[in-house]
Amino acid sequence: MPEAVPYVEHLKKVPIFGKLPAKELEYVARSVKERVYESGTVIVKEGDPGLGFFLIIEGRVDVSHKDHRIREMGPGEFFGEMALMEEAPRSATVTALDRTRCLQLVRWDFRALLKENPDLAVRMLEVVVQRLREHPGAHDV
Ligand code: CMP
């Protein structure tokens, strides 16, 4: 697939993916689908079933829970991991603030990637825990 190579370059710039072996990066690059969302588009809706994991490659998004803003995210950051890890509904709503380009991995590819790459799983967990520390009560409101 010719589009895999540019995605490898994007993935290398994503902090949690940067250290993956080249073969694995290529595999991920072949598994992702590029998605473009116009400003104002709801990418992930709280309460919906979770089908995808998203890496932002361009643009910014807002993460909100019950109409309370939790944070913004931009290039190199990811979202949508919680519903896929837990097999539970989306915990928050993620809305594009600009025209936003993401790489999307579907549930089964995401879970297989974590199982095959424990270092990646640990790095992702570190980011998730940091986010939780920054907003410990985000989901109590
Ligand atoms: P998920 O629950 O699949 O869909 C909504 C996403 O918003 C969630 O995964 C996380 O990626 C993100 N999210 C939820 N809560 C927080 C939080 N407290 N801080 C940062 N991001 C969050």
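Q: Which residues come nearest to the ligand in this predicted model?
A: Gly80, Glu81, Arg90, Ser91 and His139 come nearest, out of 17 residues around the ligand.

Q: What makes the pair between Arg90 and the ligand a polar contact?
A: The cut-off is a pair of N or O atoms within 3.5 Å. An N or O atom in the Arg90 side chain is 2.7 Å from a ligand oxygen. Therefore the pair qualifies.

Q: Why does the backbone of Met82 count as making a polar contact with the ligand?
A: A backbone N or O atom of Met82 lies 3.4 Å from an oxygen atom of the ligand. The limit is 3.5 Å, so this pair counts.

Q: How much of the ligand's area does the protein bury?
A: Taken alone, the ligand exposes 450 Å². The protein buries 98% of that.

Q: Which elements give two or more residues to the shell around the ligand?
A: Strand S5 (68-73) and helix H3 (81-86) do.

Q: How do the shell residues divide into nonpolar, polar and charged?
A: Ten are nonpolar, three polar and four charged.

Q: Why is Asp67 called exposed?
A: Exposed means over 50% relative accessible area. Asp67 has 82%, so Asp67 is exposed. Asp67 lies in the loop between strand S4 (61-65) and S5, with a positive phi of about 65°.

Q: What makes Glu87 count as exposed?
A: The relative accessibility of Glu87 is 54%. The cut-off is over 50%, so Glu87 counts as exposed. Glu87 lies in the loop between H3 and strand S7 (93-96), and its phi is near 55°, a positive value. Most residues other than glycine have a negative phi.

How values were computed: Residues are numbered from 1 along each chain as its sequence is written. This is a predicted model: local features need pLDDT of at least 70, side-chain atom pairs count only at pLDDT 80 or more; totals for chains, interfaces and linings use all residues. Side-chain values use heavy atoms; hydrogens and water are left out. A residue is near a molecule or strand if one of its heavy atoms lies within 4 Å of it. A polar contact is a pair of N or O atoms within 3.5 Å; within protein, one must be able to donate a hydrogen and the other to accept it, and residues adjacent in sequence count only if both atoms are side-chain atoms. Accessible areas come from the Shrake-Rupley method with a 1.4 Å probe; for residues, only the protein chains shown count as cover. Helices (H or I, at least four residues) and strands (E, at least two) are DSSP runs, numbered from the N terminus. Ala, Val, Leu, Ile, Met, Phe, Trp, Tyr, Cys and Pro count as nonpolar, Asp, Glu, Lys and Arg as charged, and the others, Gly among them, as polar. Buried means under 20% relative accessible area, exposed over 50%, partly exposed in between (1.4 Å probe, protein chains only).
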